[in-house]
Amino acid sequence: MPFAAVNGTEIYYEEHGKGFPVVLAHGAGGNHLSWWQQVPVFARHHRVITFDHRGWGLTPDPDDRGPEAFAQDLLALLDFLEIESAILAGQSMGGFTALTAALSRPERVRGLLMANSFAGMRREVWLASSNDLRAHAQGIWERRRSDGVRRALAREFSANHRHLAFLYRQIRLLNEFGPNRLRSEAQITRLRALERDPRSSPTHESLSALPMPVLFIGGEHDEVMPVPLMEVASSLIPGSRVIVVPGTAHSVYFEAAEVFNHIALEFFRSCKDVT
């Protein structure tokens with residue numbers, strides 16, 4: 001099993017295919033297995049790298065640095081694999097990793113795909129949102145909390161594709177019952193603190209200066225990263241775009257894999273043409 005001994009841990013990673021490198025960073029409910037519908041497709045055109053964030057899946061977090069070390073881990077993994085530059089794609093929490101790496105080392109990132117994510121720029125998105133939009137988003141999140149719902153898949157998807165909804169949950173269990181015994185809620189709380197802290201969150205100026213192409217993919221029914229806030233996020237990065245996939249929630253890559261893959265490959269192709 002491939003591990004990269006970097007940045008004080010051993011990052012579990014896999015690579016498939018040949019071509020310009022694409023790195024896929026999973027969300028809080030996933031790990032390297034989450035990308036099973038993407039890897040076989042992307043690997044026809046690209047060198048595809050998947051990995052487990054520290055504390056997730058098979059990657060340990062021996063010094064309990066948690067999300068604070070995510071971007072440094074990713075950049076160290078690129079060094080280990082002798083990758084000078086790559087396209088980064090981050091889903092939900094993975095968007096924090098990809099965006100933070102792009103902000104710190106923009107010359108190493110050819111393109112940035114934020115899938116169901118504006119993680120890492122949450123503070124600036126909130127500041128740039130109108131009072132009505134904030135109230136709308138807070139209403140969505142309050143309803144989720146009061147209902148005890150943590151819905152990453154659209155209700156209709158779970159009802160119509162019970163086998164895939166089951167697989168989605170089983171992939172997550174590698175985090176909770178694997179070698180790390182991950183307490184995901186505690187780690188997400190740490191991530192939110194980083195995102196809200198003005199000392200660690202990006203500024204409007206740094207976001208607007210990102211030089212690489214940026215694409216946001218949103219789910220019509222996403223209650224975790226609502227589309228209206230994602231559109232605000234896109235407005236902070238000149239030239240970025242938002243594509244919303246109908247009928248999906250917080251996991252477009254899983255719920256509508258064929259659509260997601262098509263959109264992503266078109267974006268990757270455009271990034272390779274950037275000089």
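## Exercises on a predicted model

In this predicted model, helix H5 gives the lining of the second largest pocket its largest share, 3 residues. Let us start there.

**Exercise 1.** Describe the second largest pocket by its volume, its lining and the character of its residues.

*Solution.*
- Step 1: The space in the second largest pocket comes to about 210 Å³.
- Step 2: Its lining consists of 15 residues, and those nearest the centre are Arg-143, Glu-220, His-221, Asp-222 and Glu-223.
- Step 3: Now sort the lining by type: 7 residues are charged, 6 nonpolar and 2 polar.
- Step 4: Look for the helices behind the lining. At least two residues each come from H5 (131-147), H6 (155-160) and H10 (227-235).

**Exercise 2.** Classify the ring pair of Tyr-253 and Phe-254, then place both residues in their surroundings.

*Solution.*
- Step 1: The model has 11 aromatic pairs. In the pair of Tyr-253 and Phe-254, the ring centres are 6.1 Å apart, which fits the limit of 6.5 Å.
- Step 2: The ring planes meet at 75°, and the pair is therefore edge-to-face, as planes over 60 degrees apart count as such.
- Step 3: Check burial against the cut-off of under 20%. Tyr-253 has 4% relative accessibility and so counts as buried; Phe-254, at 1%, is buried too.
- Step 4: Tyr-253 and Phe-254 belong to one aromatic cluster with Trp-35, Trp-36, Phe-157 and Tyr-168.

**Exercise 3.** Find the residues with the most contacts inside the largest nonpolar core, and follow one of them to its neighbours.

*Solution.*
- Step 1: The largest nonpolar core holds 53 residues, and Leu-88, Leu-112 and Met-121 have the most contacts inside it.
- Step 2: Helix H2 (residues 70-80) contributes the largest share of this core, 7 residues.
- Step 3: Take Leu-88 and set aside residues up to four places away in sequence; Leu-88 then touches Val-23, Leu-74, Ala-98, Ala-101, Val-109, Gly-111, Leu-112 and Leu-113.
- Step 4: A second, separate core has 35 residues, among them Val-22, Ile-171, Val-252 and Phe-268.

**Exercise 4.** Where do Asn-7 and Asp-64 lie, and are they buried, partly exposed or exposed?

*Solution.*
- Step 1: Recall the background: most residues other than glycine have a negative phi.
- Step 2: Asn-7 is not a glycine, yet its phi is positive, about 50°. Asp-64 also has a positive phi, near 55°.
- Step 3: Asn-7 sits in the loop between strand S1 (3-6) and strand S2 (9-16), while Asp-64 is in the loop between strand S4 (46-51) and H2.
- Step 4: With a relative accessible area of 28%, Asn-7 is partly exposed. Asp-64, at 49%, is partly exposed, because exposed means over 50%.

Conventions: Residues numbered from 1 in each chain as written. Predicted model: local features only at pLDDT ≥ 70, side-chain atom pairs only at ≥ 80, totals over all residues. Heavy atoms only, no water. 1 Å grid on protein atoms, 1.4 Å probe; cavity = no way out; pocket = protein on both sides within 12 Å on 5 of 7 lines; lining within 4 Å. Points joined across faces, edges and corners; volume = space filled by probe spheres on them. Helix = DSSP H or I, 4+ residues; strand = E, 2+ residues; numbered from the N terminus. Nonpolar A, V, L, I, M, F, W, Y, C, P; charged D, E, K, R; others polar. Phe/Tyr/Trp six-rings, centres within 6.5 Å; stacked < 30°, edge-to-face > 60°. Buried < 20%, exposed > 50% of the residue type's maximum accessible area, 1.4 Å probe, protein only. Core = buried A, V, L, I, M, F, W, Y, C linked by side-chain atoms within 4.5 Å. Contact = heavy atoms within 4.5 Å.
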